[in-house]
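Please examine the sequence and the model shown below. The paragraphs that follow lead through the structure step by step.

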Amino acid sequence: MAASGDVGGSVRRIVWYPLLWGHDQGQPIGLANIEDSDKALVIRGKIDRGDPGGSLAYDRAVKGLIKGLSIGFSLPNRDSVQHVDGVRNLTEVRIHEVSLVSVPAQPGAQILTVKNLSQAKQLIRNMEVAALESGHIDELRELNLEVKRLLARDDEQSEDGNLLAELKRLAEVLRPAM
């Protein structure tokens with residue numbers, strides 16, 4: 001899952017934080033890291049779908065029922081907040097956790113994508129005929145083996161992005177043949 005907010009320029013290193021359901025410390029559902037980009041913070045998370053709460057959160061995110069993210073943080077001191085022209089600027093924060101929420105306090109803190117292996121499997125099924133016709137069946141077989149390998153792993157979400165990128169590259173090769 002990836003999301004962006006409106007607080008770019010403030011994270012200096014990548015750290016994994018607890019991913020919670022609605023800021024409830026009794027409901028950890030995975031891990032999240034926060035990276036800084038030119039325009040915003042980017043949050044990437046791994047939801048533990050083996051946990052009932054994580055599975056529910058994942059299903060709701062896939063269906064678009066949960067769209068928001070919220071960062072649980074504290075300010076180290078009063079000087080960490082500056083008010084300029086009616087805007088509150090946080091110069092330093094201590095991040096404690098990231099949460100999936102129904103309505104985030106920051107409207108821009110939205111889930112942008114939810115990755116899963118079923119997307120990859122469906123794409124492979126859709127490309128089988130074109131691969132046979134265009135001579136790219138070996139590449140498709142390799143990707144199919146990779147999908148099966150990932151399905152057998154406990155932490156299947158860790159390489160979804162790489163697999164989907166490979167599938168998209170193959171789709172570009174096959175597109176003229178379709």
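**From one surface residue to the whole chain**

L90 is located in strand β7, which covers residues 87–90. The model that places this residue is a predicted one. Is L90 buried or exposed? L90 counts as partly exposed, because its relative accessibility is 31%, and the partly exposed class lies between the limits of 20% and 50%. On the surface, L90 joins F73, L75 and V93 in a nonpolar patch, and together these residues have about 270 Å² of accessible area.

The strand that holds L90 belongs to a chain with 4 helices and 9 strands. In sequence order, the elements follow the pattern β-β-β-β-α-β-β-β-β-β-α-α-α. Among contacts between residues at least 6 apart in sequence, 62% join residues at least 24 apart.

The interior may be considered next. In soluble globular proteins, nonpolar side chains tend to be buried together. Of the 178 residues in this chain, 34% count as buried. The largest nonpolar core comprises 18 residues, and L19, V98, L100 and I111 are those with the most contacts inside it. At least two residues of this core come from each of β2 (16–21), β3 (24–36), β4 (41–47), α1 (52–62) and β8 (94–101). As for the outside, the accessible surface of the chain amounts to about 11000 Å², and carbon and sulfur atoms account for 49% of this area.

Two loop residues deserve attention for their backbone angles. Most residues other than glycine have a negative phi, and most peptide bonds are trans. H23, in the loop between β2 and β3, has a positive phi near 65°. With 33% relative accessibility, H23 is classed as partly exposed. D85 is found in the loop between β6 (81–84) and β7. The phi of D85 is also positive, at about 50°, although this residue is not a glycine. D85 has a relative accessible area of 79% and is therefore exposed, since the exposed class begins over 50%.

Finally, the confidence of the prediction must be taken into account. The mean pLDDT of the chain is 77, and 64% of the residues reach 70 or more. Over residues 1–9 the pLDDT stays under 50, and the model gives this stretch 42 contacts beyond four places in sequence. Residues 154–158 also have a pLDDT below 50, with 10 contacts in the model beyond near neighbours in sequence. Where pLDDT is low, the predicted coordinates should not be read in detail.

How values were computed: Residues are numbered from 1 along each chain as its sequence is written. This is a predicted model: local features need pLDDT of at least 70, side-chain atom pairs count only at pLDDT 80 or more; totals for chains, interfaces and linings use all residues. Side-chain values use heavy atoms; hydrogens and water are left out. Patches are made of residues with over 30% relative accessible area and no salt bridge: like charges are joined within 9 Å, nonpolar side chains (Val, Leu, Ile, Met, Phe, Trp, Tyr) within 5 Å. Accessible areas come from the Shrake-Rupley method with a 1.4 Å probe; for residues, only the protein chains shown count as cover. A salt bridge is a side-chain nitrogen of Lys or Arg within 4 Å of a carboxyl oxygen of Asp or Glu. Buried means under 20% relative accessible area, exposed over 50%, partly exposed in between (1.4 Å probe, protein chains only). pLDDT is the predictor's confidence in each residue, from 0 to 100. Contact means heavy atoms within 4.5 Å. A nonpolar core is a set of buried Ala, Val, Leu, Ile, Met, Phe, Trp, Tyr and Cys residues joined through side-chain atoms within 4.5 Å.
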